[in-house]
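Hello,

Here is the structure I promised to pass on to you. Have a look at it first, and then read on for what I found.

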Amino acid sequence: MGEYTRAGKFFWAYLKKYKLSFVIITLTIILATFLQVKAPEYIGRSISEMGKYVGELMAANAQGIDPSTVSKEPFFNVLKNLLIVYLLTTASTLIYSMLFSRVVGHSTNRMRISLFRKIEDLTIRFFDSHQDGEILSRFTSDLDNIQNSLNQALLQVLTNIALFVGVIIQMLRLNVSLALITMASTPIALIFSVFIIRSSKKYMGIQQKEIGALNGYMDEKISGQKAIIVNGQQEEVIEDFIGHNEKVRKATFMGQVFSGMLMPVMVGMSLFNTAIVIFVGGAMATDPAQPLGSLAVALGLVVTFVQYSQQYYQPVMQISSSFTQLQLAITGASRLNEVFDQPNEVKPEHGKKIDTIEKGVALEHVDFSYDEGQPILQDVNITVEKGQMVALVGPTGSGKTTIMNLLNRFYDVNSGAVKIDGVDIREYDLNNLRSNVGIVLQDSVLFSGTIRDNIIFGKEGATEEDMIEAAQAANIHDYIMSLDEGYDTVIEDENNIFSTGQKQLMSIARTLLTNPQLLILDEATSNVDTVTEARIQKAMEVAVTGRTSFVIAHRLKTILNADKIVVLRDGKVIEEGNHHELIKLGGFYAELYHSQFVFE
Ligand SMILES: Nc1ncnc2c1ncn2[C@@H]1O[C@H](COP(=O)(O)OP(=O)(O)OP(=O)(O)O)[C@@H](O)[C@H]1O
Ligand SMILES: [Mg+2]
């Protein structure tokens with residue numbers, strides 16, 4: 001039940017803004033329903049009037065009166081009313097459906113915006129622990145489900161509840177016994193539909209789960225296609241895929257069997273009902289004891305009730321089948337709520353501002369773990385003086401990128417502190433801190449757009465000269481100019497156009513353009529050709545000159561000139577000193593250096 005109340009609250013939060021629209025929607029639904037249930041009465045009356053007319057015509061003939069004196073007026077009056085009823089029904093239906101679509105469109109739009117805002121406020125921890133596709137699906141399939149089910153199912157439920165009540169009132173008004181006969185089979189229909197809906201809901205749940213598993217499987221295999229080819233696993237992958245696909249088919253089939261059963265059963269019930277109404281009503285209408293006039297009235301009433309017996313079951317059918325769809329909206333709402341419940345980044349209020357870094361940066365007794373109970377960094381102490389360059393080296397997984405994550409507050413330390421000029425970075429204004437810390441990520445990201453867009457990404461209003469200067473410093477200007485379109489080259493699928501090294505050089509240019517006081521470079525691990533490697537090295541040299549910087553390097557050549565080299569292993573600092581000191585020490589660094597030297 002909690003799920004339903006939460007979903008209700010969620011929807012209400014977005015829908016409540018449109019109270020006036022809802023008042024109009026309610027009024028037009030009531031009007032349309034009233035007219036809709038009024039129509040059969042007029043159809044019945046028109047039959048009655050026609051019957052009376054025929055009766056009077058026959059009487060006039062028998063008595064030798066001129067048949068043209070018998071008036072058709074009452075019959076035409078009823079038809080005129082019927083026409084007005086139909087026109088008004090169409091108009092009011094049009095009004096409420098358009099208003100409803102508008103309300104739903106606006107509110108799902110607002111949901112999408114708040115979701116995106118929320119995403120921009122989330123911690124890096126959230127992104128590290130959720131698949132991109134998983135996050136994206138909340139924007140696509142969940143929001144689509146919400147929009148469709150609100151638009152179709154909710155409107156269906158509302159109009160059909162109105163219709164159901166309207167038909168009952170109208171039937172009771174016209175003829176109590178025929179009304180009761182029409183309603184007599186309701187309990188049986190309800191029992192049937194509850195059973196069918198329950199079963200189909202069960203299989204729909206299984207179906208959704210299996211579809212999720214199938215999508216997950218495809219996502220993983222498509223992005224890992226290269227690994228599949230390299231290992232010759234194509235046949236195995238196809239077989240597993242067929243297995244997943246078969247599970248989806250079975251669940252879908254069972255779901256369809258049950259949900260498909262609802263309509264025929266209900267249609268059958270309603271036809272059966274109509275037959276009873278015709279049988280009982282027919283007995284009334286053909287009672288020879290009645291005068292001709294009232295026989296005609298009774299005949300009209302039967303026609304009316306034949307229509308009601310069909311109208312009466314329609315809402316029951318529609319409401320039942322809309323429930324499955326509403327369920328999708330509720331599931332969607334709880335999946336969106338999962339995101340809204342995530343903690344935001346902690347932003348210190350009235351945080352201190354960094355003017356210029358005067359002294360330097362320090363990690364003091366830092367302990368850190370991504371997941372509780374799995375320590376990654378243990379008692380790490382590193383200091384960097386203003387303007388110095390510190391290099392972090394160590395085997396893969398030793399915690400180099402993790403240290404970078406802490407300097408920028410992507411994550412916060414478990415204990416100890418990261419300090420800039422002796423002040424814990426948690427006391428600084430977060431935006432201010434980040435605008436002073438420039439990071440070139442290990443996996444460089446290029447967005448779709450031109451190269452120009454990508455380089456000036458971090459600095460609004462940067463001039464062409466600034467951009468070119470940054471690109472030159474990053475040693476990528478000449479390469480960019482060698483492209484046909486130069487800086488206007490459009491990046492569509494970043495992976496296809498540029499090498500890892502080129503992407504990293506563009507990221508370096510982007511970062512240099514913001515002229516950060518503290519620079520962190522996380523060198524790309526992937527193999528980079530020697531020319532690009534030399535370029536990266538040169539770019540790094542230019543970038544760190546005169547700047548407080550951390551450089552994470554895999555190729556030790558890059559860092560021979562570092563003021564200090566910190567060697568990490570399993571999250572602990574094991575050696576520290578400049579290149580010559582460490583070589584002299586003959587420890588892990590020396591070993592690493594010599595092994596690389598041998599390879600090169
Ligand atoms: N988001 C994360 N959640 C949980 N554990 C993580 C996460 N990121 C990294 N780790 C773990 O933390 C440890 C240190 O990883 P880190 O990325 O800092 O290594 P690294 O020194 O940068 O390695 P490389 O040289 O390969 O870039 C590894 O054991 C890694 O599995
Ligand atoms: Mg790393």
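Which residues does glycine 438 touch, not counting those up to four places away in sequence? Keep that in mind while you turn the model around, and remember that this is a predicted model.

The answer is Thr511, Thr514, Pro516, Leu519 and Ile520. Glycine 438 itself sits in strand 6, which covers residues 437-440. It counts as buried because 24 C-beta neighbours lie inside 10 Å, and 20 are enough for that label. You can also check a distance here: the C-alpha atoms of glycine 438 and glutamine 517 are 7.5 Å apart, although 79 residues separate them along the chain.

**The whole chain**

Now zoom out. The protein chain contains 20 helices and twelve strands. Its radius of gyration is 38 Å, well over the 25 Å that the globule rule gives for 600 residues, so the chain is more spread out than a compact globule. The C-alpha trace spans about 135 × 50 × 50 Å along its principal axes. Of the 600 residues, 31% are buried.

The domain assignment splits the chain into domain 1 (2-340) and domain 2 (360-599). Their C-alpha centres lie 59 Å apart. If you take the contacts between residues at least 6 apart in sequence, 80% of them join residues at least 24 apart.

**Two helices to set side by side**

Start with helix 7, residues 186-223. Helix 7 has 38 residues and reaches 54 Å from its first C-alpha to its last, close to the 56 Å expected at 1.5 Å a residue. Its buried residues are Ala189, Ser193, Ile196, Ser200, Met204 and Gln207. As you look at that list, a general point may help: an α-helix has 3.6 residues a turn, so residues three or four places apart point the same way.

Next comes helix 17, residues 500-513. Helix 17 has 14 residues and reaches 20 Å, close to the 20 Å expected at 1.5 Å a residue. Is helix 17 mostly covered or mostly uncovered? It is mostly covered, with twelve of its 14 residues buried. Among them are Gly501, Lys503, Gln504, Arg510 and Thr511. Thr511 is also one of the residues that glycine 438 touches.

Leucine 513, another buried residue of helix 17, makes a good end point for a long ruler. Its C-alpha atom is 77 Å from that of lysine 80, and the two residues are 433 apart along the chain. Lysine 80 belongs to helix 3, residues 73-121. Lysine 80 is exposed because just 11 other C-beta atoms lie within 10 Å, and the label applies at 12 or fewer.

**Residues with a positive phi**

Most residues other than glycine have a negative phi. Here are three residues with a positive value for you to find:

- Asparagine 515 follows helix 17, and its phi is near 45 degrees.
- Aspartate 379 has a phi of about 45 degrees and is not a glycine. It is in strand 2, residues 377-385, and counts as partly exposed because it has 15 C-beta neighbours inside 10 Å.
- Asparagine 475 has a phi near 65 degrees. It lies in the loop between helix 14 (464-473) and helix 15 (477-482), and is buried, with 22 other C-beta atoms within 10 Å.

**A buried residue in a loop**

Where is threonine 558? It is in the loop between strand 10 (548-552) and strand 11 (564-569). Threonine 558 counts as buried because it has 21 C-beta neighbours inside 10 Å. Leaving aside neighbours within four places in sequence, its contacts are Glu523, Gln537, Met540, Val551 and Ala553. For glutamine 537, the C-alpha to C-alpha distance is 5.6 Å, and the two residues are 21 apart in sequence.

**The ligand**

Finally, look at ligand 1. It is surrounded by 14 residues, and the closest are Tyr370, Thr396, Lys400, Thr401 and Thr402. Helix 11 (residues 400-407) gives the largest share of this shell, three residues. By class, the shell has two nonpolar, nine polar and three charged residues.

Enjoy exploring, and write back with any questions!

Best wishes

Terms used:
Residues are numbered from 1 along each chain as its sequence is written. Chains are lettered from A and ligands numbered from 1 in the order in which they are written. This is a predicted model: local features need pLDDT of at least 70, side-chain atom pairs count only at pLDDT 80 or more; totals for chains, interfaces and linings use all residues. A residue is near a molecule or strand if its C-beta atom, placed from the backbone, lies within 6 Å of it. Helices (H or I, at least four residues) and strands (E, at least two) are DSSP runs, numbered from the N terminus. Ala, Val, Leu, Ile, Met, Phe, Trp, Tyr, Cys and Pro count as nonpolar, Asp, Glu, Lys and Arg as charged, and the others, Gly among them, as polar. Domain bounds come from an automatic or database domain assignment. The radius of gyration is taken over C-alpha atoms; the globule rule is 2.2 Å times the number of residues to the power 0.38. Two residues are in contact if their C-beta atoms, placed from the backbone, lie within 7 Å. The expected span of a helix is 1.5 Å times one less than its number of residues.
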